[in-house]
Amino acid sequence: MSEKPVTSLAVVPSSADFLEQARKISDALNIQLLEPGSKPEQLQSFLMVLSCSAQGLQLQQTGPKAPGPVFVDFVSGAVAHRRKFGGGIGQQIAKAVGIKSGVRPYIADVTAGLGKDAFVLATLGCEITLVERSPVVAMLLQDGLERGGRDLETAEIIARMSLFRGDGIDWLEKSLDSDESQPDVIYLDPMFPHSKKSAQVKKEMNLFRKLIGDDTDTAKLLEKALKVANNRVVVKRPRKAPIIEGPAPSFALEGKSGRFDIYAIKSF
Ligand SMILES: C[S@@+](CC[C@H](N)C(=O)[O-])C[C@H]1O[C@@H](n2cnc3c(N)ncnc32)[C@H](O)[C@@H]1O
């Protein structure tokens, strides 16, 4: 059974400098705007708050035992480490999407989340469209893209990433009717219940589950993706998870923590 997503969310600016940004978020998401610099005790009546500060937009669970905030950071931390030392085109994700010498497919990541996988693929040189349907997650992602776009080391990579806020199924349907080129690869990484992952990923996934629940329409997303992709559809799964309901993948690549199911359509 999937958990019910929370609706109890507010936005708080860390100081008056961030009031305008917080007001826009409050209007866009139709959530309560709290006083600048509200104290932790004043936040407790909400399950989560979005905070606007010099550190960027952060989603924070409230309460005494709450884990740290979740936010998008393409510039420093684990993502930057992977950009510098992550193994280039030898990485499993690169093989999964068909990157090889002289081949950089155009990818649509239609379950973009916090954009980590998309950033790896953009770092390797792919143009990538990110589609995210949760308005809160899309806002965190947009904020991270803007900050990454202002940093000299990541600006060129971020320029290859464009965000579309909305449902992946709708985006795929529209792309079938459009004159624009269709993606070579469609990448899916839907929420999977009960995943056993590292502490960091677990923190994000737990928060996501509270915010948006499980993704229950994945079979439909796969079905549409198979109609749109020029070359392949790639699905990221926990290592022991069953395949998505529907046709069997052509092959799978197993990594340390996960698996990529590849539905091949046409070779590159
Ligand atoms: C597990 S997270 C993806 C994590 C991402 N691969 C990353 O590296 O950060 C799944 C995300 O897909 C989004 N999602 C699921 N189904 C979707 C759909 N049909 N359209 C758009 N977004 C979808 C969810 O809202 C959630 O944010």
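**Exercises on a predicted model**

In this predicted model, Ser51 stands opposite Gln58 in S4. The exercises below begin from that pair.

**Exercise 1. The strand pairing around Ser51**

Determine in which strand Ser51 is found, how many bridges join that strand to S4, and whether Ser51 counts as buried or exposed.

Solution.
- Step 1. Ser51 belongs to strand S3, which spans residues 48-53.
- Step 2. S3 and S4 run antiparallel and are joined by six bridges. The two strands form a hairpin, with two residues between them.
- Step 3. Apart from neighbours within four places in sequence, Ser51 is in contact with Val12, Gly56, Leu57 and Gln58. Gln58 is also the residue that stands opposite Ser51 in S4.
- Step 4. The relative accessibility of Ser51 is 19%. Buried means under 20%, so Ser51 counts as buried.
- Step 5. Strand S4, residues 56-61, is mostly covered, with five of its six residues buried.

**Exercise 2. Ala66 in the loop after S4**

Locate Ala66, identify which residues Ala66 touches beyond four places in sequence, and assign its exposure from its relative accessible area.

Solution.
- Step 1. Ala66 lies in the loop that runs between S4 and helix H3 (77-85).
- Step 2. Not counting residues up to four places away in sequence, Ala66 touches Gln60 and Gln61.
- Step 3. The relative accessible area of Ala66 is 25%. The partly exposed class lies between the limits of 20% and 50%; Ala66 is therefore partly exposed.
- Step 4. Ala66 and Lys203 are 137 residues apart in sequence, and their C-alpha atoms are 9.9 Å apart in space.

**Exercise 3. The packing of H1 and H6**

Describe how the axes of helix H1 and helix H6 are arranged, state whether their crossing is left-handed or right-handed, and classify the residues of their contact.

Solution.
- Step 1. Two packed helices are described by the angle and the distance between their axes.
- Step 2. The axes of H1 (residues 19-29) and H6 (residues 135-149) come within 11 Å and cross at roughly 150°.
- Step 3. Angles over 145 degrees count as roughly antiparallel, and H1 and H6 are therefore roughly antiparallel to each other.
- Step 4. The crossing of H1 and H6 is right-handed.
- Step 5. From H1, Gln21, Ile25, Ala28 and Leu29 meet Pro135, Val136, Met139 and Asp143 of H6. The residues of this contact comprise six nonpolar, one polar and one charged.

Definitions and conventions
Residues are numbered from 1 along each chain as its sequence is written. This is a predicted model: local features need pLDDT of at least 70, side-chain atom pairs count only at pLDDT 80 or more; totals for chains, interfaces and linings use all residues. Side-chain values use heavy atoms; hydrogens and water are left out. Axes are lines fitted to C-alpha atoms, for helices over the stretch in contact, and angles run from 0 to 180 degrees between N-to-C directions. Helices (H or I, at least four residues) and strands (E, at least two) are DSSP runs, numbered from the N terminus. Angles under 35 degrees count as roughly parallel, over 145 as roughly antiparallel, 65 to 115 as roughly perpendicular and the rest as oblique. A crossing is left-handed if the near helix is turned anticlockwise from the far one by less than a right angle, and right-handed if clockwise. Contact means heavy atoms within 4.5 Å. Ala, Val, Leu, Ile, Met, Phe, Trp, Tyr, Cys and Pro count as nonpolar, Asp, Glu, Lys and Arg as charged, and the others, Gly among them, as polar. Buried means under 20% relative accessible area, exposed over 50%, partly exposed in between (1.4 Å probe, protein chains only). Two strands pair if DSSP finds at least two bridges between them.
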